[in-house]
Amino acid sequence: SHVQRFTYPVLRDSQAAALALKNVGMATAIDLGNPINIHPPQKLELSRRLALTARKIAYGESKLIACGPVFESLKIDGSKAVVSFTSVGKGLEAKAVKLYNTQMKAGELKGFKVCGADKVFHDATAKIVGDTVVLTSPKVATPVAVRYAWRGFPYANLFNKDGIAAAPFRTDTFKVVIPPAPKPEPKK
């Protein structure tokens, strides 16, 4: 339903908040999904990521890269938003990903939005610069917040070179308002 699709990002925020607890891990499956089936069809890859998480937390392999890039900080530099990450492993990359009939090309980073003081988010042009992602949008002169893969079924392709997708995140704490469901088309 409309409300479920809209609230998935809120649910993901809640799940990620549990990472503040001791001995808790999370495997990201945002790149493995299907918009009409909540259960990721690529079970082997999801299992691999869960096993990495278990190895790091339960078995103490502290140097193991067990997750994808994790948002660390946001710096505003004029019209640019510069996002830093932890868990970059061998580096960041825009990976080729096919999600439900949509192909995202390697080297073309997708899924980022920025907003200005008006709190209206716009698609951002994203470039990987070292262990950061630099974002710009012609519609946002001075960014104040960033969102990545923050929608019901996101088309996003930020990974570390260890092959693990970045988890969705937002840098803002704006109140989330669930819009009314779209009105059905009148029957002819």
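Start by selecting Lys75 and Val82: Val82 in E2 is the bridge partner of Lys75. Before you go on, note that this is a predicted model, where local features need pLDDT of at least 70, side-chain atom pairs count only at pLDDT 80 or more, and totals for chains, interfaces and linings use all residues. Residues are numbered from 1 along each chain as its sequence is written, and side-chain values use heavy atoms, with hydrogens and water left out.

**Stop 1: the E1–E2 hairpin**

Strand names come from DSSP runs numbered from the N terminus (helices are H or I with at least four residues, strands are E with at least two). Two strands count as paired if DSSP finds at least two bridges between them. Now show E1 and strand E2 (residues 80-86), which pair in the antiparallel sense over seven bridges. Step along the ladder: Ile76 has Ala81 in E2 as its bridge partner, and Asp77 stands opposite Lys80 in E2. Then click the turn, where two residues sit between the strands and Gly78 takes a positive phi near 65 degrees.

**Stop 2: the sheet around E2**

Keep Val82 selected and look to its other partner, Val134 in E9, which stands opposite. E2 and E9 pair over four bridges, again antiparallel. Zoom out and you get an open sheet of four strands, in the order E1-E2-E9-E8, with antiparallel pairing. Its edges are strand E1 (70-77) and E8, each pairing on one side only. Neighbouring strands here are turned by 25 degrees against each other on average, direction ignored; the axes behind that are lines fitted to C-alpha atoms (for helices over the stretch in contact), and angles run from 0 to 180 degrees between N-to-C directions.

Is E2 mostly covered or open? It is mostly covered, with five of its seven residues buried (buried is under 20% relative accessible area, exposed over 50%, partly exposed in between, with a 1.4 Å probe and protein chains only).

**Stop 3: Val140**

Next, pick Val140, in the loop between strand E9 (132-136) and strand E10 (145-148). Val140 is buried, at a relative accessible area of 4%. Show what Val140 touches, leaving out residues up to four places away in sequence: Ser79, Val114, Cys115, Gly116 and His122 (contact means heavy atoms within 4.5 Å). For a distance label, try the C-alpha atoms of Val140 and Ala124, which are 16 residues apart along the chain and separated by 9.0 Å.

**Stop 4: the other four-stranded sheet**

Select E7, E6, E10 and E12, an open sheet in that order with antiparallel pairing. E7 and strand E12 (169-170) are the edges, each pairing on one side only. Inside, E6 and E10 share four antiparallel bridges; for one of them, pick Phe112 and its partner Tyr148 in E10.

**Stop 5: the second largest pocket**

Finish with the second largest pocket, with a volume of about 600 Å³. Of its 26 lining residues, select Gly111, Lys113, Asp123, Trp150 and Arg151, the closest to its centre. Helix H1 (2-17), strand E6 (112-115), strand E7 (121-123) and strand E8 (125-129) each give two or more residues to the lining. Colour by type and the lining divides into 14 nonpolar, three polar and nine charged residues. Here a pocket is an open set of points on a 1 Å grid where a 1.4 Å probe fits, with protein on both sides within 12 Å along at least five of seven lines, and lining residues have an atom within 4 Å of a point. Volume is the space filled by probe spheres set on the points. Nonpolar is Ala, Val, Leu, Ile, Met, Phe, Trp, Tyr, Cys and Pro, charged is Asp, Glu, Lys and Arg, and the others are polar.
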